[in-house]
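Here is a short tour of a protein model with its ligands. Have the structure open and follow along from site to site.

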Amino acid sequence: MQIEKHKIEAHNESLLTAHKRRFENSTADIKELNNVMRQLIDFQVAIPSWALGTGGTRFGRFSGGGEPRNLEEKMEDIGLLHSLNQSSGAISLHIPWDVPRNVASIKALAAQFGLRFDAMNSNTFQDQPGQQHSYKFGSLQHVNKAVRQQAVKHNIEVIKHGVDLGSESLTVWLADGSCFPGQLNFRKAFQNTLEGLQEIYAALPGDWKIFVEYKAFEPNFYSTTVGDWGQSLLYANKLGPKAYTLVDLGHHLPNANIEQIVSLLLMEKKLGGFHFNDSKYGDDDLTVGSIKPYQLFLIFNELVEGMDAARMNHNTDLGWMIDASHNVKDPLEDLLQSIEAIMISYAQALIVDRKALVAAQENNDVAGAQEILQDAFRTDVRAVVAEARLRSSGALQPLALFRELKVRENLIKERGLKTIATGL
Ligand code: RM4
Ligand code: MN
Ligand code: MN
């Protein structure tokens, strides 16, 4: 299903007067409004191909119907999201869930929907039918060299698929680790993993990046071989200039200060990729901004400050992706909510009074510094974000229009009720 332009225009037309009033009210105090608008319009967040179906839990999976049955339909869904919000113009593929069967037609479809191919993701955390060696005891860390080689080979194949499609980065997330004390020699596991990553790194085309994603726990619960940003940074530094750390918001121990982590990684020029989601307990993969919106703002505040200090392009110099998966919501509605939360936090970070903040910090004005941050966080920027969408031909209220147009009902009609998308 695709949403015709005139439907978006009619929707915008009906909301325009109220929107303009809200926009004017909320922008009176925003300095450099044009700059903020431009940054918002440019900012694009990739949608992972595995977030388009209803997510599963360890206990069950309840499909909502109309889920994409193949890569083409996944791209169609993302095209649909992008036409509504104009902020999700990229797709991130997971291999082998999304092996492109016909590269030319997949590329043509991407062009038709205005989508880029963001980072490619490899999968050595599941065994595939017909696979020679099992990843039960890890992949790149494995005590058996043949298993490690199989995992290296898989990653190199993923790079090749990415090259065909015009992607420029590979994200490696390993489930490697141990469940019980004594199971692993930590140093050997690290060295094996490093060697494997080095082989993968050597296969990267000149303009590619590799992102080493870390995760503190799950599915291994005693140790993880890329367990935190320190370990990821060790690998990235040892690998070389094309290797970066990837921060996934759900992959930390409770209460970790993620904003400090991103600040230091940016200082080291080693932050490469970013996965958005929210969580209350662990890797909950909940809708972005649904649990801890202030934390999300504080993270964005450091991202903007750190990227500006390093003269980075906000949109293109980091790989932004949503990494969430939902059990009870319509996945497309959920993604629209996540993008909205991201744009709101980004806009709030853009309007922080940087000069005043520096002055407060230099004067040890603790209360003043807090006021400056909270002033930005408490600014209602929803109309600013909506205006950015309006200027790029998106919908003023994407979720409302999604419902008005009965998109899910139409997808169920097209694809059937009992469809299940590949993914988790
Ligand atoms: C992992 C991790 C990876 C993602 C998989 C599906 O927890 O977040 O980024 O590729 O899930
Ligand atoms: Mn992730
Ligand atoms: Mn995760």
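Helices (at least four residues) and strands (at least two) are DSSP runs, numbered from the N terminus. With that in hand, note that this is a predicted model.

## Two cis prolines

Let us begin with the backbone. Pro-96 sits in the loop that runs between strand S2 (90-94) and helix H4 (103-113). The peptide bond leading into Pro-96 from Ile-95 is cis, its omega being near 15 degrees.

A cis peptide bond also joins Glu-218 to Pro-219, where omega is about 5 degrees. Pro-219 belongs to the loop between S6 and strand S7 (223-224).

## The manganese ion (ligand 2)

Now to the metals. Which residues donate to the manganese ion (ligand 2)? The protein donors are Glu-213 (OE), Asp-248 (OD), His-275 (ND1) and Asp-323 (OD), at 2.1 to 2.3 Å from the ion. Along the sequence, the donor residues follow the spacing E-x34-D-x26-H-x47-D. Glu-213 in strand S6 (residues 209-213) and His-275 in strand S9 (residues 271-276) are 62 residues apart, so this pair links distant parts of the chain. Both Glu-213 and His-275 are buried.

Why is the arrangement around the manganese ion (ligand 2) octahedral? The six donor atoms subtend angles of 71 to 166 degrees, which makes it so. Six donors count as octahedral if opposite donors are over 155 degrees apart and all others lie between 65 and 115.

## The manganese ion (ligand 3)

The manganese ion (ligand 3) lies 4.0 Å from the manganese ion (ligand 2). Its coordination comes from His-251 (NE2) and Asp-283 (OD), at 2.2 to 2.4 Å. His-251 is in the loop between strand S8 (243-248) and helix H8 (258-267), while Asp-283 is in the loop between S9 and helix H9 (293-309). These two residues are 32 apart and again link distant parts of the chain. His-251 and Asp-283 are both buried.

## Around ligand 1

Several of the metal-binding residues come back here. The residues around ligand 1 include Glu-213, Asp-248, His-251, His-275, Asp-283 and Asp-323. Trp-50, His-94, Trp-173, Lys-215 and Leu-424 are also among them.

For polar contacts, start with His-94: an N or O atom of its side chain is 2.9 Å from an oxygen atom of ligand 1. His-275 has a polar side-chain atom 3.4 Å from an oxygen atom of ligand 1, and Asp-283 has one at 3.4 Å as well. Taken alone, ligand 1 exposes 300 Å², and the protein buries 95% of that.

## Aromatic rings

How many aromatic pairs does a search of the whole structure find? It finds 18. In one of these pairs, the rings of Phe-274 and Phe-276 have their centres 5.0 Å apart and their planes at 55 degrees, so the pair is tilted. Phe-274 and Phe-276 are both buried. They belong to one aromatic cluster that also holds Phe-43, Phe-300, Trp-320 and Tyr-346.

## Positive phi outside glycine

Finally, two loop residues deserve a look. Lys-269, in the loop between H8 and S9, is not a glycine, yet its phi is positive at about 55 degrees. Is Lys-269 buried or exposed? Lys-269 is exposed, with a relative accessible area of 55%.

Asn-364 lies in the loop between helix H11 (354-362) and helix H12 (366-377). Its phi is also positive, near 50 degrees. Asn-364 counts as exposed because its relative accessibility is 65%, and exposed means over 50%.

Notes:
Residues are numbered from 1 along each chain as its sequence is written. Chains are lettered from A and ligands numbered from 1 in the order in which they are written. This is a predicted model: local features need pLDDT of at least 70, side-chain atom pairs count only at pLDDT 80 or more; totals for chains, interfaces and linings use all residues. Side-chain values use heavy atoms; hydrogens and water are left out. Donors are N, O and S atoms within 2.8 Å of the metal (3.2 Å for Na, K and Ca); water is not among the atoms, so sites may look incomplete. Four donors count as tetrahedral if all angles lie between 85 and 135 degrees; four count as square planar and six as octahedral if opposite donors are over 155 degrees apart and all others between 65 and 115; anything else is irregular. Buried means under 20% relative accessible area, exposed over 50%, partly exposed in between (1.4 Å probe, protein chains only). A residue is near a molecule or strand if one of its heavy atoms lies within 4 Å of it. A polar contact is a pair of N or O atoms within 3.5 Å; within protein, one must be able to donate a hydrogen and the other to accept it, and residues adjacent in sequence count only if both atoms are side-chain atoms. Accessible areas come from the Shrake-Rupley method with a 1.4 Å probe; for residues, only the protein chains shown count as cover. Rings of Phe, Tyr and Trp (its six-membered ring) pair if their centres lie within 6.5 Å; planes under 30 degrees apart count as stacked, over 60 as edge-to-face and the rest as tilted.
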